[in-house]
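Let's take a friendly walk through a protein structure. Have the sequence and the 3D view ready, and follow along one stop at a time.

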Amino acid sequence: PKTDIVFLKVHKSASSTVMNILFRFGETHNLTFAFPIGGGNQLFYPRHFLARFVQGFSPRSPQRFNILCHHMRFLQPEVHKVVSSSAFYFSILRNPVKLMESSFAYYKGTSAFSRARSLEEFLSQPYHYYNPTDGDSHYARNLMTFDFGFNPDGDVSAERVQLMLKAIEASFDLLLISEYFDESMVLLKEMLCWDLDSVVSFPLNIRDSSTKSPLSDTIVEKIKDWNRLDWEIYTHFNRTFWERIDRDIGRERMQREVKALRERQGELARTCLQGMGSVAPKHIKDSSLRPLQHGNAKILGYNLKHGLDKETERMCRRLVTPELQYSSALYKKQFAQKAP
């Protein structure tokens with residue numbers, strides 16, 4: 001199994017669920033994480049990543065970390081300094097239409113979105129609300145482009161788009177698609193030589209459907225237009241994703257693998273969860289399993305069954321622990337005060 005991994009955690013793209021998979025794998029295999037200094041949950045985002053943002057990094061004795069997966073704005077020469085040269089790089093993308101709808105609810109407090117009453121209103125005259133020089137403007141336009149390190153307000157010429165796609169292809173071994181999450185996990189498992197249980201997960205940091213709104217065709221087109229660079233990235237890598245499945249796995253075997261993954265997830269849900277599924281924040285009984293609530297989104301969580309044996313309880317708890325709590329527990333473990 002591969003143990004040196006860089007995951008570019010793209011916002012609002014099922015990336016918290018992927019992060020949970022990496023946290024569990026790293027914890028089980030006793031790997032080191034490249035944590036933000038002081039144990040925060042972002043690597044000084046939205047600044048471009050620098051090696052010195054990582055706790056324990058020193059240019060004089062460059063320590064290599066196994067897993068780099070906290071929110072960052074990608075800058076490969078700096079990433080190279082903290083991970084092994086053979087590290088596996090991957091990220092996950094989401095349809096920019098859904099991503100923008102999600103961002104609008106989640107980042108409602110940002111300068112671009114706070115004054116618009118609805119996404120429709122924002123898109124009717126975006127420049128009335130959006131100012132590219134605002135420090136949080138990246139949440140409102142081409143967010144994936146921004147996370148990959150590029151200028152979200154750059155021009156959309158065919159030539160520039162090609163350069164950007166080529167640069168992403170040169171840096172990343174695999175780009176997953178959140179709309180095909182299970183297929184993505186099968187592909188990831190293959191590429192990393194991991195076993196099935198390593199990529200099983202329960203969806204984390206997801207919104208209650210009451211805060212989601214259906215979008216008209218006109219709005220969909222406006223979103224694509226406003227996020228043209230993201231749309232180019234997404235359509236390109238959605239295509240190469242399926243090309244890779246056809247080349248490396250084949251559709252029939254993929255169906256079998258996805259079925260096995262879903263069956264195992266069902267088994268774990270029956271073992272671990274009260275009521276089999278996610279619940280609204282107010283119904284989460286154990287406060288240590290309550291996810292951070294943000295903007296207008298209602299973020300769901302889970303309740304564990306009572307009376308599980310110790311080993312099972314530990315496995316189940318790992319599966320449903322929200323990102324911030326899990327990250328801080330791993331940070332404390334990695335930087336525990338060494339007794340003299």
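## A closed space inside

Which element gives the most to the lining of the largest cavity? The answer is H3, with four residues. Keep in mind as you look around that this is a predicted model.

A search of the whole structure finds one cavity of 30 Å³ or more, and the volume of the largest cavity is about 50 Å³. Its lining is made up of Pro96, Leu99, Met100, Ser103, Tyr139, Ala140, Arg141, Asn142, Leu143, Asn227 and Asp230. Sorted by class, that lining has six nonpolar, three polar and two charged residues.

## The open pockets

Now for the pockets. The largest pocket holds about 880 Å³ of space. It has 44 lining residues, and those nearest its centre are Lys12, Ser16, Leu204, Asn205 and Ile206. Several helices give two or more residues to this lining: H1 (15-28), H3 (96-106), H8 (181-192), H12 (251-272) and H14 (323-334). By class, the lining of the largest pocket has 21 nonpolar, 15 polar and eight charged residues.

The second largest pocket has a volume of about 260 Å³. Look for Arg24, Phe25, Thr28, His29, Asp195, Asp197, Ser198, Leu268, Met315, Arg318 and Leu319 along its lining. At least two of the lining residues come from each of H1, helix H9 (196-199) and helix H13 (310-320). Here the classes are four nonpolar, three polar and four charged residues.

## Rings that meet

How many aromatic pairs are there? The count comes to 31. One of them joins Tyr45 and Tyr139, a tilted pair with 6.4 Å from centre to centre and 50° between the planes. Tyr45 sits in the loop between H1 and strand E2 (67-68), and Tyr139 in the loop between helix H5 (126-129) and helix H6 (143-147), so this pair ties together parts that are 94 residues apart in sequence. Both Tyr45 and Tyr139 are buried. Tyr139 may also ring a bell from the lining of the largest cavity.

One aromatic cluster brings together Phe104, Phe113, Phe122, Tyr127, Tyr129, Tyr130 and Trp226. Trp226 has a charged partner too: the charged end of Arg141 sits over the ring of Trp226, 4.0 Å from its centre. Arg141 is another residue that lines the largest cavity. In a second arrangement of this kind, Lys12 lies over the face of Tyr106, 3.5 Å from the ring centre. You have met Lys12 before, among the residues nearest the centre of the largest pocket.

## Two residues to visit

Is Thr3 buried or partly exposed? Thr3 has a relative accessible area of 27%, and because buried means under 20% and exposed means over 50%, Thr3 counts as partly exposed. You will find Thr3 in the segment before strand E1 (5-8). Leaving aside neighbours within four places in sequence, Thr3 is in contact with Phe25, Leu31, Asn66 and Ile67. Thr3 and Leu192 are 189 residues apart in sequence, yet their C-alpha atoms are 8.1 Å apart in space.

Finish at Asp182, which is found in helix H8. Its relative accessible area is 14%, so Asp182 is buried, since the cut-off for that word is under 20%. Leaving aside its neighbours within four places in sequence, Asp182 is in contact with Val258, Leu261 and Arg262.

Methods. Residues numbered from 1 in each chain as written. Predicted model: local features only at pLDDT ≥ 70, side-chain atom pairs only at ≥ 80, totals over all residues. Heavy atoms only, no water. Buried < 20%, exposed > 50% of the residue type's maximum accessible area, 1.4 Å probe, protein only. Contact = heavy atoms within 4.5 Å. 1 Å grid on protein atoms, 1.4 Å probe; cavity = no way out; pocket = protein on both sides within 12 Å on 5 of 7 lines; lining within 4 Å. Points joined across faces, edges and corners; volume = space filled by probe spheres on them. Nonpolar A, V, L, I, M, F, W, Y, C, P; charged D, E, K, R; others polar. Phe/Tyr/Trp six-rings, centres within 6.5 Å; stacked < 30°, edge-to-face > 60°. Lys NZ or Arg CZ within 6 Å of the ring centre and 35° of its normal.
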